[in-house]
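I opened this entry to keep track of what I looked up in the structure, topic by topic.

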Amino acid sequence: MFDFYRACAIVPEVSVGDTEFNKNSILNKINEAYTYDAAVIVTPELAVTGYSCQDLFFQSVLKEGSREALGYILESTLGRNEVLVIGAPLYLEESLYNAAYVMMNGKLLGISVKTFIPNHNEFYEKRWFSSAADLPVDSVYFSELGILDIDEEDDYMIPVGNNIVYDIASEFKFAVEICEDLWSPSAPSTRLALAGAELIINLSASNETISKREYRRNLVKQQSASCICEYLYVSAGSSESTQDLIFSGHSLIAENGAILNENRDYIARDYIMIADMDLGKIRHERLVSDTFKDAAKMLSDDLKFVSVMKVTDAQLPDSDGQYLVIPRNPFVPSVDSKRQKRCNEIFDMQVGGLMKRLEVTGAKPVVGVSGGMDSTLALLVCARALRKMGRDPKDLVAITMPAFGTTDRTYNNSLELIRALGTEPVVINIKAACEQHLKDLGRDPEVHDITFENTQARERTQILMDYANSCNGIVVGTGDLSELALGWCTYNGDQMSMYNVNGSIPKTLVRWMIDSVAESGVFPDAEDTLRDILDTPISPELLPPDENGNISQKTEESVGPYELHDFFIYYSLRYGYGPAKIYYLAKKVFTDTYDEDTILKWMTMYFRRLFSQQFKRSCMADGVKVGSVSMSPRGDLRMPSDASWNLWKIELENIK
């Protein structure tokens, strides 16, 4: 469902050399994994025999025991649609190979073979195993394997090698490499991914040493990112022989550079690790990545002929996404230390972008300051840029323009913040100008409609532009990514600027950006004011305050919660998801906050405005892209202003 597939890494108890014990241990773990509705179940490297058998691999008793155990495991899959990937030796034409047996519903689909055989430091695998590069054939009859007796008319060919991509029910493609293959400069998984594998499975028996766990984790993350794939790494546990080594059972799964799950115990054995994969992310990334497609075209001829084992009559178990990693605020790191680091990095990018523009123009930054979060962040960026350039803080032109909806709280916060940053506020009250304009239009100023609101927004922009002309300045925009996505800005009003430092910062992140500046102590005199600004409701303040002088117009009451909209933005623009899938994910994440009708209501508004307000983004100001989503018509979002949202509307209606 929605391209979700569940994977189980099983790390069974192992008795080295005892295939009977290991068979039962593996089957017990497989039966447990079945209860999780996994599509793919994977053991560590050589799980049937144990990895550390050494010269016992040459013993005929172990050879026969391994074959018999594989036969039992294969028979156990009859009537099951899960894919099993089992680590065991392959004895073929007087040679021994380290292999992964891929099986499903009583059929052996293929045997993937290890390519790189380590023979250095603590490893002596070449004493026992040959490489996939030495295979004399690329397929064998099932009967030749000696796993199970089979009638001649039922015999079938099985692909063998390091170049097999398994295509299950035309639903998803995966491939297998084994342990050291990943550590090679030319990992088989690279070409297997380029040949179409969306999931790479690695059966491993990686011993543990100091710092190796972190190195291994980074290796898996990097390979999943460079191959744009899911990467499932399953490693032998500590029940392996500890004669000279210890095996930690370190298993993890990464999705395009992000860890989905990882076993927590440093030294582990006898466990199951579960993860839900979202192949929709992988498919979208590959669709938009010309680099990936170009690399696939560059495969040499001998690597283009990748065997694809198709199983078209299978039905993989459905995943309901229970184990998906779905951040509530996808633009904001959930861990405090990471969030602080991320915000500081973004702030530096904002500052760096503005510095370049100020260097080129020789201008002063001119900012309209409302006392809200967006203009606060823009003001902080301007002040920091001037400081880093060694310029006078008073070069910052900060203009506050009170009007009909301005409250004492936001007005005073504006003045205090501007002074705390080392410059003097320019105060221009626009009430009279707006009243005159409404009078010229023949409008009743007591009618608080869209004209009443936009009159104020456009008057403020006119003042900023003209003031910039008068002082050799450029108007620095304050509108954020969320407002751009919704078109929640006044055309030729706050939509306009000469450089926008906030254009790729979503609303849910703006708050944390200001918080990180306050925490960092860059502007110590402004900290108290910044804290109060963070506590102020989000509002354009275009309608008069209530009878107590408090903000009466709260943006999220009109446009919807920004945490929902940022969630919609992330999954629709970052991964190209449609309304049905986003709705499914949102229900999982926000079930404790919003009911289903509320989620659907605001998502409908989001998609409607995303399409109808594109004309505002088509002429948006320059600004640095800082994250994975940008709405610049010169960058990430090339979208016609008159595109129809009818198909998205139909999908939304079908959700109801």
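**The open sheet**

I began with the strands of this predicted model, and found five of them forming an open sheet in the order β18-β17-β16-β19-β20, with parallel pairing. I then checked the edges, where β18 (426–427) and β20 (499–500) each have a single partner strand, so one side of each is left without a neighbour in the sheet. Following β20 inward, I noted that strand β19 (residues 473–477) pairs with β20 in the parallel sense over two bridges. I also looked up the bridge partner of Gly477, which is Asn500 in β20.

**The nonpolar cores**

Next I asked which residues touch the most other members of the largest nonpolar core. Of the 85 residues in that core, these are Leu354, Leu379, Phe567, Phe568 and Tyr571. Helix α10 (residues 373–388) gives the largest share of this core, with ten residues. I also recorded a second, separate core of 43 residues, which includes Tyr5, Val85, Ile178 and Leu279. As background, I note that nonpolar side chains tend to be buried together in soluble globular proteins.

I then took Phe568 on its own and set aside its neighbours within four places in sequence. Phe568 is in contact with Ile582, Ala586, Ile599, Trp602, Met603 and Tyr606.

**A nonpolar patch on the surface**

Turning to the surface, I found that Ile210, Ile246, Tyr266 and Ile267 make a nonpolar patch of about 390 Å². I picked one of these four, Ile246, for a further look, and placed it in the loop between β11 (230–235) and β12 (252–255). Is Ile246 buried or partly exposed? Ile246 has a relative accessible area of 34%, and it therefore counts as partly exposed. Because patches are made of residues with over 30% relative accessible area and no salt bridge, the 34% of Ile246 passes the area cut-off.

**The chain as a whole**

Last, I wrote down the overall values for the chain. The secondary structure comes to 22 helices and 20 strands, and the C-alpha trace spans about 100 × 50 × 45 Å along its principal axes. Of the 656 residues, 56% count as buried, while the chain exposes about 27,500 Å², of which carbon and sulfur atoms supply 47%. I also looked at how contacts are spread along the sequence: among those between residues at least 6 apart, 72% join residues at least 24 apart.

Notes. Residues are numbered from 1 along each chain as its sequence is written. This is a predicted model: local features need pLDDT of at least 70, side-chain atom pairs count only at pLDDT 80 or more; totals for chains, interfaces and linings use all residues. Side-chain values use heavy atoms; hydrogens and water are left out. Patches are made of residues with over 30% relative accessible area and no salt bridge: like charges are joined within 9 Å, nonpolar side chains (Val, Leu, Ile, Met, Phe, Trp, Tyr) within 5 Å. Accessible areas come from the Shrake-Rupley method with a 1.4 Å probe; for residues, only the protein chains shown count as cover. A salt bridge is a side-chain nitrogen of Lys or Arg within 4 Å of a carboxyl oxygen of Asp or Glu. Helices (H or I, at least four residues) and strands (E, at least two) are DSSP runs, numbered from the N terminus. Buried means under 20% relative accessible area, exposed over 50%, partly exposed in between (1.4 Å probe, protein chains only). A nonpolar core is a set of buried Ala, Val, Leu, Ile, Met, Phe, Trp, Tyr and Cys residues joined through side-chain atoms within 4.5 Å. Contact means heavy atoms within 4.5 Å. Two strands pair if DSSP finds at least two bridges between them.
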